[in-house]
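Subject: Structure for you, with notes

Hi,

Here is the structure I promised to pass on. Could you have a look at it before reading my notes underneath?

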Amino acid sequence: QVQLVESGGGLVQAGGSLRLSCAASAPTFSTYRMGWLRQAPGKEREFVAHISRSGDIYYADSMKGRFTISRENAKRTVYLQMNSLQPEDTAVYYCAADPQRGSIYEYPYWGQGTQVTVSS
């Protein structure tokens, strides 16, 4: 089992940037595929980005060109760089992990989430 701790959320004006970090407890972090998902008030959780063990990357269409996911295995950390933020990006952002192969939309392990609020 892996524990995930997100950080880096906060309040930012529209057009601004934030970088989220997710620190994982697993010594075998490099073998985990990692994802970021978010949930806005009153909405279902939605996929944001995924990075595989080998570095393959996938984004939701609305995040392409604005968000960048990356990982640093030596630090057991995955990042989400978010640029050109808009009010509709306001949500709780969750880091998720899976040591097994599977869907980029589904993960067994989740962090507690970090709030991102974008003001207009």
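Below is what I found in it, going from the sheet to the core, the disulfide and the aromatic rings.

Some ground rules before that. This is a predicted model, where local features need pLDDT of at least 70 and side-chain atom pairs count only at pLDDT 80 or more, while totals for chains, interfaces and linings use all residues. Numbering starts from 1 along each chain as its sequence is written, and side-chain values use heavy atoms, with hydrogens and water left out.

**The sheet**

Strands here are DSSP runs (E, at least two residues; helices would be H or I, at least four), numbered from the N terminus. Two of them count as paired if DSSP finds at least two bridges between them. On that basis 4 strands make an open sheet, ordered β1-β3-β8-β7, with antiparallel pairing. β1 and β7 (67-72) are the edge strands, each pairing on one side only. On average, neighbouring strands of this sheet are turned by 15° against each other, direction ignored; the axes behind that angle are lines fitted to C-alpha atoms (for helices over the stretch in contact), and angles run from 0 to 180 degrees between N-to-C directions.

At one edge, β1 (residues 4-7) pairs with β3 (residues 18-24) in the antiparallel sense over 4 bridges, and Glu 6 stands opposite Cys 22 in β3. Strand β1 has a covered face with Leu 4 and Glu 6, and an uncovered one with Val 5 and Ser 7.

At the other edge, 6 bridges join β7 to the antiparallel β8 (residues 77-82). The two form a hairpin with 4 residues between them, and Arg 76 in the turn has a positive phi of about 55°. Thr 68 stands opposite Gln 81, and Ile 69 has Leu 80 as its bridge partner. In a regular strand the side chains alternate between the two faces of the sheet. β7 does this: Phe 67, Ile 69 and Arg 71 point to one face and are buried, while Thr 68, Ser 70 and Glu 72 point to the other and are not. (Buried means under 20% relative accessible area, exposed over 50%, partly exposed in between, with a 1.4 Å probe and protein chains only.)

**The core**

A nonpolar core is a set of buried Ala, Val, Leu, Ile, Met, Phe, Trp, Tyr and Cys residues joined through side-chain atoms within 4.5 Å. The largest one has 35 residues, and Met 34, Trp 36, Val 78, Leu 80, Met 82 and Tyr 93 touch the most other members. At least two residues each come from β3, β4 (33-39), β5 (46-51), β7, β8, β9 (91-98) and β11 (114-119), with β9 giving the largest share, 5 residues. Take Leu 80: leaving aside neighbours within four places in sequence, its contacts (heavy atoms within 4.5 Å) include Leu 20, Trp 36, Val 48, Phe 67, Ile 69 and Tyr 93.

**The disulfide**

There is 1 disulfide in the structure, a disulfide being a pair of cysteine sulfur atoms within 2.5 Å. What does Cys 22 join to? Its partner is Cys 95, at an S to S distance of 2.1 Å. Cys 22 lies in β3 and Cys 95 in β9, so the pair ties together parts that are 73 residues apart in sequence. The torsion about the S-S bond is about -75°, so this disulfide is left-handed. Both Cys 22 and Cys 95 are buried.

**The aromatic rings**

Rings of Phe, Tyr and Trp (its six-membered ring) pair if their centres lie within 6.5 Å; planes under 30 degrees apart count as stacked, over 60 as edge-to-face and the rest as tilted. That rule gives 3 aromatic pairs. Phe 47 and Tyr 105 are an edge-to-face pair, because their planes sit at 75°, with the centres 5.1 Å apart. Phe 47 is in β5 and Tyr 105 in the loop between β9 and β10 (109-110), so this pair ties together parts 58 residues apart in sequence. Phe 47 is buried at 9% relative accessibility, whereas Tyr 105 is exposed at 53%.

Tyr 107 and Trp 110 also pair edge-to-face, at 6.2 Å centre to centre and 90° between the planes. Together with Tyr 94 they form one aromatic cluster.

Cheers
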